Amino acid sequence: MSREKSVHRRTVLRAVAGTGVLLTLSPGLLLTGCDGGVKAVESETLGLDSDEYDVELNLYAMPDSVPILPGAPSEVWRYRAELLKGPENTVSENPDSYLGPTIRLRRGQTVKIHIHNELPEDTTVHWHGLHVPSDVDGQPRLPIRPGETMTVGFEVLDRAGLFWYHSHAHGKQGGRVGFQSYAGLAGLLIVEDKEEAGLKLPSGDNELLLVLQDRTFAGNNELVYMGGGMGSMMDRMHGFLGDRVLANGAPPTTRKVATRPYRIRVLNGSNARIYKLGWSDGRPVTVIGADGGLLQTPEDRPYAVLAPAQRLDIWVDLSKSQPGDTLELISDRFRAGMMGGGMMDGMGMMGSNALPLGSRFPLARLEVAESVEASEPLPAQLGVQRQKIPVNSNTRIRSFELSPVMMRGFAINGRRFDRTNVADDEKVRLGDTEIWEFHNNTPMPHPMHIHGLQFNVVGRRGGNSDSLQQGLVDSGWHDTVLVLPRETVQVAMKFERFDGLYIYHCHNMEHEDAGMMRYFQVQG
Ligand code: C2O
Ligand code: CU
């Protein structure tokens, strides 16, 4: 029996009363490990190969057990890192959480990372949003086998921003991104640069990092993911929604703050949930950055939409508050149109989720505990260094239709994931600027992600989701764009520096795992 099969068999575990057959992360699965013991593989470095790196680290993907809820600890899969070379603040562990360590890099650094797979199945590490060579990108075509090590090297070319890293494994049975990320294999990666540092935005204790994820727990605090049967079919269509939201791997907490401005940097690391960020007192959400770093100028929105894999940089000024005041960051109610008729409707009705998509719930509570004299005005001009990609009526437009495949998820231009096969209309030229147009011919929202670059949103038309529209942040640089039901969205990008294979896909991880993902090729 192959390893893949035996793991697969062990993961279909138990029925949890009332919710159908679900899959839990059982200690049995997690502690079994790989059959053959750890093999030390000294491999060559993929990507940038040099004698000298500014930063070098070991990154382990491993089973672990951490406290998440009161009571028994939960079995998880997680990353741990060990800094071998580089500035001391490069790695900050999140010891009491399943979240991977936060990795801080500076633009221009050269980085070498040894990725050790101590899991019982294949994995990869994808540096979400970073402009890196194809071989470093953590794609499914380069799996790291259990017990093996892969070494990647790259130069940090991106401007300052909040990025993240997560598993991108895809096995013979389908994608494992949903399962592995859900089990805990994700962490933040921050790029810093001189331009951003010059703005003197709130930093240190005044910069709050917030990773939003939703999870479901069984009776003994085991994480529950989807298994077989009807419930699972629904989860695959909608994407998995947990019945509670975790902030930084724990139930949302109260944070003591002072009367001053704060920078809140939020990642949606959820498998499928969309958040509608707002403040409990109704004040506008001041957005200063998105996936690919700071916007040109701050934008005040009534609320801000954060789709899976997206990041938002938010500035909030508490200098007019009094000690004792509290302010909650919430996710507000919305309708994303997915219950809007058709086949999905009836299935949605049968859902047993305690926290449906578009419910209102708190994400973080700020409690003003201290009065300080701090005046750090928000600069009116934020990003200057990267000009928008110029497009005109001659820019090539490449169209992608997102459509349902009966009982099997969703397709892109009628195609589903097919290993590294690339169709003729998925080949682009190095150096070209293109507009990609995603046309959503489904009743569900899809957060579309393109590897290896940051793009600009050119425009959108046709979607009608009144309860989200004003919160879509389309200015600035993005690697993931939310395409609402029936909507057409255009994004502009330039294929620079690296040729080779990259992927584009829906970042609803269950959609992606079910095949809503394709390779494209940048031809040199
Ligand atoms: Cu965050 Cu292809 O992924
Ligand atoms: Cu999707």
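Which residue in E36 does His-505 stand opposite? In this predicted model, the partner is Met-517, and the last view below takes you there.

**View 1. The largest nonpolar core and its best-connected residues.** Welcome to a core of 55 residues, the largest nonpolar one in the model. Leu-59, Ile-113, Trp-127, Phe-154 and Leu-189 are the members with the most contacts inside it. Apart from this core lies another, of 32 residues, with Val-266, Ala-290, Leu-306 and Leu-329 among them.

**View 2. The surroundings of Ile-113.** Leaving aside residues up to four places away in sequence, Ile-113 touches Leu-57 and Leu-59, then Trp-127, and also Met-150, Thr-151, Val-152 and Phe-154. Three of these names may look familiar: Leu-59, Trp-127 and Phe-154 are, like Ile-113, listed among the residues with the most contacts inside the largest core.

**View 3. An open sheet of five strands.** Follow the order E28-E27-E30-E34-E32 across the sheet, where the pairing is mixed. At the edges are strand E28 (409–412) and strand E32 (456–461), each of which pairs on one side only. From one strand to the next, the twist averages 20°.

**View 4. Where E27 meets E28.** Strand E27 (residues 396–405) runs antiparallel to E28, and four bridges join the two. Look here for Pro-404, which stands opposite Phe-410 in E28.

**View 5. Strand E35 and its two antiparallel partners, E31 and E36.** Strand E35 (residues 500–506) is mostly covered, with six of its seven residues buried. Three bridges pair E35 with strand E31 (residues 446–450), and six pair E35 with strand E36 (residues 517–523). His-505 in E35 faces His-449 on the E31 side and stands opposite Met-517 in E36.

Definitions and conventions:
Residues are numbered from 1 along each chain as its sequence is written. Chains are lettered from A and ligands numbered from 1 in the order in which they are written. This is a predicted model: local features need pLDDT of at least 70, side-chain atom pairs count only at pLDDT 80 or more; totals for chains, interfaces and linings use all residues. Side-chain values use heavy atoms; hydrogens and water are left out. A nonpolar core is a set of buried Ala, Val, Leu, Ile, Met, Phe, Trp, Tyr and Cys residues joined through side-chain atoms within 4.5 Å. Buried means under 20% relative accessible area, exposed over 50%, partly exposed in between (1.4 Å probe, protein chains only). Contact means heavy atoms within 4.5 Å. Two strands pair if DSSP finds at least two bridges between them. Axes are lines fitted to C-alpha atoms, for helices over the stretch in contact, and angles run from 0 to 180 degrees between N-to-C directions.
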